[in-house]
Amino acid sequence: MKKLLTHILVAACLFFVIDRAVGLALSQLYRQSNATDAYKISYSNEETRAELLLMGSSRCLHHFAPAIFEKELGMTCYNAADWGIKNIYFHYGLLGNILERYTPRVIVFEIHPCDWLHTPYSDVERAGSLAPYCGMSEACDEMLKLSGNYWPCLLSTVFRYTGSLPDLLAGRWGSMDRSLKGWKPLDGQMDTTGVAAEEYPYAVDSRKAEVLERFIETCRQKGILLILTVAPMYVCSDRDPFQYVRSLASRHQLALIDHYSDPDYTGKAALFYDFGHLNRQGAERYSEKVSKELKGLIAH
C-alpha cells in the first residue's frame with residue numbers, strides 16, 4: 001500500500017510539473033497569436049489601458065474603428081469586442097479581469113439580443129473563452145463556473161488552452177491587424193438575395209438579465225461612464241427587438257445611441273457586408289457618426 005501511494009504521489013507531481021510547463025509554453029503562443037480570439041482576449045485582459053473601451057460581440061468588433069474615435073474624442077481607445085456570439089457572460093467576466101488592472105473612463109457597450117434573451121448558440125458556454133484567465137478575477141471565475149470550465153482549468157493549465165488550439169496553430173499568421181487596435185473590418189458588399197429581417201422570438205433569460213444588471217452596476221460603482229449602442233441592420237423587424245434595452249437604459253438612466261433602423265444605413269447594400277454587419281466603408285462612416293454623438297455625452 002505504501003508503495004502504491006508513493007507511485008500515486010510521484011505521478012501526481014509529474015502531472016503537475018508537466019502540465020505547468022506545457023501550459024506556460026501554450027500561454028506564450030496564445031499571447032503571440034494574431035488569431036482573432038487569442039489576440040482580442042489576451043490584449044484586452046493583459047495590456048489595454050485605453051480610456052475608452054468598446055465592448056460587445058461581432059457587431060462591435062466589425063463596426064467600431066478606434067482611430068476614428070481617438071481623432072474625434074482626443075482619448076485613447078481600444079475595441080475589446082469579440083465575435084462568436086459572445087454574450088453578457090463573456091462580457092461580465094472580461095470586465096472583471098480588466099478592472100483588476102485599471103479602470104477605463106468610458107465603456108461603449110454594443111448590446112445584442114443574446115445579452116438578455118434565451119437565444120440559441122449563445123448561453124453560458126460563451127464564457128469558456130475566458131478559460132486562459134481562470135483565477136484573474138472573481139467575476140471571471142464565477143462565469144467560468146457557470147460554463148463548467150472553472151474546476152478543470154484550476155486543475156490543469158493545459159486544459160485552459162484546449163479550446164484555443166486553432167488560434168495557437170494560426171499563430172502570427174492570424175488575420176488580426178494589431179495596428180487597428182482591435183477593429184476587424186469586413187471588405188466586400190452583401191448579396192441582397194432573399195434577405196429578411198432577423199427575428200428574436202425568444203423569452204428573456206432571467207440569468208442573463210441578472211448578469212447584465214450586475215455589469216451596469218459594476219460600471220456605476222467604478223465611476224465608469226457606460227453608454228449603450230445599437231448598430232444598424234440592413235433590414236429591420238416590424239417588431240421592436242430592442243424595447244427591452246430602451247427600458248433598461250431608462251431605468252438605469254443610461255445613454256442609449258440607437259441606430260437600429262437608421263435610414264442612413266438601413267437598406268443601403270453598399271454599406272453592408274451581410275445583413276447584420278457593416279463593411280469597411282459602412283463601419284468608418286458609422287464610427288464617425290457615433291464618435292460625434294459620444295463627444296456630446298462625454299462632455300457632460
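Me: Before we turn to S44, what does contact mean here?

Reply: Contact means that heavy atoms lie within 4.5 Å. The model is a predicted one. In it, leaving aside neighbours within four places in sequence, S44 is in contact with Y78, A80, L94, I98 and R101.

Me: Where does S44 lie, and is S44 buried or exposed?

Reply: S44 belongs to helix 2, residues 36-46. Buried means under 20% relative accessible area; S44 counts as buried because its relative accessibility is 0%. A polar atom of the S44 side chain lies 2.7 Å from the backbone oxygen of K40.

Me: R101 appeared among the contacts of S44. Which residues does R101 itself contact, beyond its neighbours within four places in sequence?

Reply: R101 is placed in helix 5, residues 88-101. With those neighbours left aside, R101 is in contact with Y43, S44, N45, E46, E47, T48, R49 and M136. For R101 and T157, the C-alpha to C-alpha distance is 22 Å, with their positions 56 residues apart in sequence.

Me: How should I read a nonpolar core, and which residues have the most contacts inside the largest one?

Reply: In soluble globular proteins, nonpolar side chains tend to be buried together. Here the largest nonpolar core has 57 residues, and F109, F215 and L226 have the most contacts inside it. Helix 5 gives the most to this core, namely eight residues. Another core, of 26 residues, lies apart from it and includes C60, L73, Y234 and L294.

Me: Which residues does F215 touch, not counting those up to four places away in sequence?

Reply: F215 touches M55, I88, H91, Y92, L95, F109 and L226.

Me: How do I read the buried residues of a helix, taking helix 4 as the case?

Reply: An α-helix has 3.6 residues a turn, so residues three or four places apart point the same way. In helix 4, residues 66-73, the buried residues are P66, I68, F69, E70 and L73. The buried residues of this helix pack against strand 1 (52-56), strand 2 (77-79) and helix 11 (280-299). After helix 4 comes G74, with a positive phi near 65°.

Me: Which residues other than glycine have a positive phi?

Reply: Most residues other than glycine have a negative phi, and most peptide bonds are trans. I85 is one residue with a positive phi, of about 50°, although it is not a glycine. I85 sits in the loop between strand 2 and helix 5, and it is partly exposed, with a relative accessible area of 35%. Y121 also has a positive phi, near 65°. Y121 is in the loop between strand 3 (106-110) and helix 6, and it counts as exposed because its relative accessibility is 65%.

Me: What can be said of N149, in the loop between helix 6 and helix 7?

Reply: N149 counts as buried, at 17% relative accessibility. The side chain of N149 makes a polar contact with the side chain of S147, at 2.8 Å. Not counting residues up to four places away in sequence, N149 touches G128, L144 and F159.

Me: Finally, how do helix 9 and helix 10 cross?

Reply: The axes of helix 9 (residues 206-221) and helix 10 (residues 243-252) come within 12 Å and cross at roughly 35°. The crossing is right-handed. From helix 9, A209, L212, E213, I216 and R220 meet Y244, L248, R251 and H252 of helix 10. The residues of this contact divide into five nonpolar, one polar and three charged.

Technical notes:
Residues are numbered from 1 along each chain as its sequence is written. This is a predicted model: local features need pLDDT of at least 70, side-chain atom pairs count only at pLDDT 80 or more; totals for chains, interfaces and linings use all residues. Side-chain values use heavy atoms; hydrogens and water are left out. Buried means under 20% relative accessible area, exposed over 50%, partly exposed in between (1.4 Å probe, protein chains only). Helices (H or I, at least four residues) and strands (E, at least two) are DSSP runs, numbered from the N terminus. Axes are lines fitted to C-alpha atoms, for helices over the stretch in contact, and angles run from 0 to 180 degrees between N-to-C directions. A crossing is left-handed if the near helix is turned anticlockwise from the far one by less than a right angle, and right-handed if clockwise. Ala, Val, Leu, Ile, Met, Phe, Trp, Tyr, Cys and Pro count as nonpolar, Asp, Glu, Lys and Arg as charged, and the others, Gly among them, as polar. A polar contact is a pair of N or O atoms within 3.5 Å; within protein, one must be able to donate a hydrogen and the other to accept it, and residues adjacent in sequence count only if both atoms are side-chain atoms. A nonpolar core is a set of buried Ala, Val, Leu, Ile, Met, Phe, Trp, Tyr and Cys residues joined through side-chain atoms within 4.5 Å.
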